[in-house]
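Work through the exercises below with the structure open beside you. Try each task before reading its solution.

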Amino acid sequence: MREKRSEGFTVSRRTFLGLSAGAAAAATAAYVIKWPHFDLGGAAEATEGVITEEWVPTSCLNCPTRCAVKVRVVNGKAVRIIGSTESDYSGGKTCPRSHVGLQVLYNPERFTRGPLIRKAGSAKGGVVDLERDFESPPAHLLWPEAISQVAARLKKTAPEKVLIIEGLNSTSNSDLICQFARTCSIVNLFPEDALETGADRLGKKMADGRLNSGYDLENSNYILAFGASILESERPLARNLRMWGKIRRERPNQAKVVVIDPRYSVTAAKADEWIPVNPGAEGALAMAMAHVIVDEGLYDADFIENWTSGFDQYRALLLSDFSPEALADMTGVDTSVVRRLAREFAASKPAIAWSGIGATRWPHGGQASHAIFCLNALVGSIDAPGGVLYQESPPYQDMPPATGAEPGISFREAANLVLNGGVDVIIGVNSNLIMAVPQKADWDEALKREDLYYVHIGPAVNEMVAYADVVLPSATYLEEWAYETALPGSGYAEARIKQPVVGPLHSSRQVGWILFDLVKEIHGETPASFDITSGDAQTFAEEFVKYRTEPLIDWGEFKKKGVWVGQAYEYAKDNPAKYNEIFQTGSGKFEFRSDDLPDVLTVQFSGDASRYPLKLVTYSPVLDVKDGNQNYPWAQEIFLVMHGYGWDILVEINAETARDLGISDRDMVWVESEVGRIKARARVFEGMVPGVVAMAVGQGHYACGKWADDIGVNPNEIIALDYDSLSGQAAFHATRVKVYKA
Ligand code: SF4
């Protein structure tokens, strides 16, 4: 446990930042002159008396929403990021995280010496010291050497002994990583995103056979948000923020929002009602509401009759075991409230039951997601305006076939491989997995294994670099060519470009270039699966984007507009024959799966309740940048928006619980589980269910740089390793803790 920085340091840094921002703004306002031409590829030497300026269309990647943005570039320096009005998806708006892109690009902890190769005998793990731990020959000599070393290692390793960990990457880089894995017969590909979405996606898939459903927030009249922090962390965030304004202020009829969560979140603060629920009981509460809707005949009989299967068994299950009264102790929600909300939900069409990240992080999180999703079917909200919709994809040009099996494994499978020594080579692409996993100490031991060869591909130092044998510095998202696909939310397809606004800086290379070089070196020539461009590695990423988007839009127009938008979305509710295409289940209909649903009654926690009487839930605040790094002062400054607090995290405790424990607001406390303990400052308030404590993720770094290291703690360190039974996602909320004064 490291000492937290002093209050004095925080204040002086804040003052400094404020002054810097003010000075920069003043300088910009005084001297920028519009200049019609700017060479994007140029490193833009600033010539005295000549000022160049351009707005470059590209897209953000500080979270998976991937919004279209424009970046203002003055004298070769990116200075401002705004939303692109070419994209109606978010109404030309962004979220507060978008601006942090400038600090991602100019992060002082970027790799500046080209590839790095670990010095023989240097120990892995802990704090990263590039000088101490890595060789540093001249960068131009090292790229071929590093690529050939990695390729040689991959060639002599059986594919089943290789694991690829994919952090947050552009859509096209994800496609290339998959193609690389197929081409090299590597099945073990784990996308870190599944740590947040795996249980929810598979829970819904049980019902509709699909993985691309989203919510039509824009047209909804009533939103039941189960563990969904729509304004902080639920994707597509910027669209949520924009649509929230529409449905709450701009429309004549204001949509009602009810947030069901153990914690009073930013979204709860902005909603009509906050319903505090016991942790892990969200799925059971959804079943209790379904009981009322079915029992009182409030469901959409036409939809149930024509487009669902298993309803009779589902009804029998609901009516036998799931009355609000039977579940009152478990949910902690008054039965009259459950009945009122169920009736409102059924009567206020179109309505959405939104299963959020917070509702599905359980050993039966997938089943909870399914239970919540079924509410949408009951009221006829499946593929209906203001309900659930199915996102269309841009018709990209097909990738050439690759012979290997389709890659992709669950978190449970990835954990078994790493923790039990089942892999010999790991390639991390923009990954900081060690900060995202529960029971971190076990992963640390496993990744330090001497005979484990880890290749880190990323733009800046982070905690995973401590395990790297080779570092291949990649470009940031503001320096690369890519395409991005809109997440579920609008229904209609949208593709966005990424094009370098500067650089790439510091001898870094785009991920596409690195993968192309690697695959070519491994196969001795360009394999057919990558043979779609001129064969020039340096231009491969750009040519790949051009190739894939060719059916959509003229290349020059795409670069200029930055966005391609598909046809207006057609709901099956308006054309019921479309339901035949939508449901990709065995029955061809929406399936109520009564065999799985009773699992929502079983909520297991790690830790003895007598020793660890409290339950820990975690959440991702809006300024938790999703690249796994936090070395960004703007993000730190307002990290905990809810509490007006930055540069730290808090342990949020209910006032009654805190009183029983003798803890006062702002006390330093230990939070201890059977896995370990961490120290943080208490925040005592009424916005927590008694007996539950909440902590934000995103802090606790020790190898990212001066704006991230030794600030706050990482609650994942004390979360016990457990999994959702359906998806293998980590069950982050199933850990008991005790809290006491430090
Ligand atoms: S929602 Fe995500 S992608 Fe969009 S601006 Fe915010 S951080 Fe960037």
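**Exercise 1. Parallel sheet**

Work out the strand order, the pairing sense and the edges of the sheet that contains E9 and E13.

*Solution.* The model is a predicted one. Start with the order. Four strands line up as E11-E10-E9-E13 in an open sheet, and their pairing is parallel. Next, find the edges. Strand E11 (273-275) and strand E13 (351-355) each pair on one side only, which puts them at the edges. Then check the twist. On average, neighbouring strands here are turned by 15 degrees against each other, direction ignored.

Now zoom in on one pair. E9 (residues 222-226) joins E13 in the parallel sense over 5 bridges. In this pairing, Phe-226 stands opposite Ser-355 in E13. Finally, look for a helix on these strands. Helix H14 (residues 365-378) lies across E9 and E13. H14 runs at about 175 degrees to E13.

**Exercise 2. Antiparallel sheet**

Explain why one side of E1 and one side of E3 lack a neighbour in their sheet.

*Solution.* Begin with the general rule. Strands of a sheet pair through backbone hydrogen bonds, either parallel or antiparallel. Now take the order: 3 strands form an open sheet, E1-E2-E3, with antiparallel pairing. Strand E1 (53-59) and strand E3 (77-83) stand at the edges with a single partner strand each, so one side of each has no neighbour in the sheet. Neighbouring strands of this sheet are turned by 30 degrees on average, direction ignored.

Check the E2 and E3 pair as well. E2 covers residues 68-74 and pairs with E3 over 6 antiparallel bridges. Val-73 faces its counterpart Ala-78 in E3.

**Exercise 3. Ligand shell**

List the residues around the ligand and sort the shell by class.

*Solution.* Collect the cysteines: Cys-60, Cys-63, Cys-67 and Cys-95 are among the residues around the ligand. Add Asn-62, Thr-65, Arg-66, Thr-94, Arg-97 and Ser-98. Leu-237 and Ala-238 complete the list. Sorted by class, the shell has 6 nonpolar, 4 polar and 2 charged residues.

**Exercise 4. The whole chain**

Decide how compact the chain is for its length.

*Solution.* Count the elements first: the chain has 22 helices and 27 strands. Its radius of gyration is 25 Å, close to the 27 Å from the globule rule for 742 residues, so the chain is as compact as a globular protein of that length. Along the principal axes, the C-alpha trace spans about 75 × 60 × 60 Å.

Turn to burial. Of the 742 residues, 56% count as buried. Last, contacts. Among those with a separation of 6 or more, 77% join residues 24 or more positions apart.

Terms used: Residues numbered from 1 in each chain as written. Predicted model: local features only at pLDDT ≥ 70, side-chain atom pairs only at ≥ 80, totals over all residues. Pairing = 2+ DSSP bridges. Helix = DSSP H or I, 4+ residues; strand = E, 2+ residues; numbered from the N terminus. Axes fitted to C-alpha atoms, helices over the stretch in contact; angles between N-to-C directions. Near = placed C-beta within 6 Å. Nonpolar A, V, L, I, M, F, W, Y, C, P; charged D, E, K, R; others polar. Contact = placed C-beta atoms within 7 Å. Rg over C-alpha atoms; globule rule 2.2 N^0.38 Å. Buried ≥ 20, exposed ≤ 12 C-beta atoms within 10 Å, placed from the backbone.
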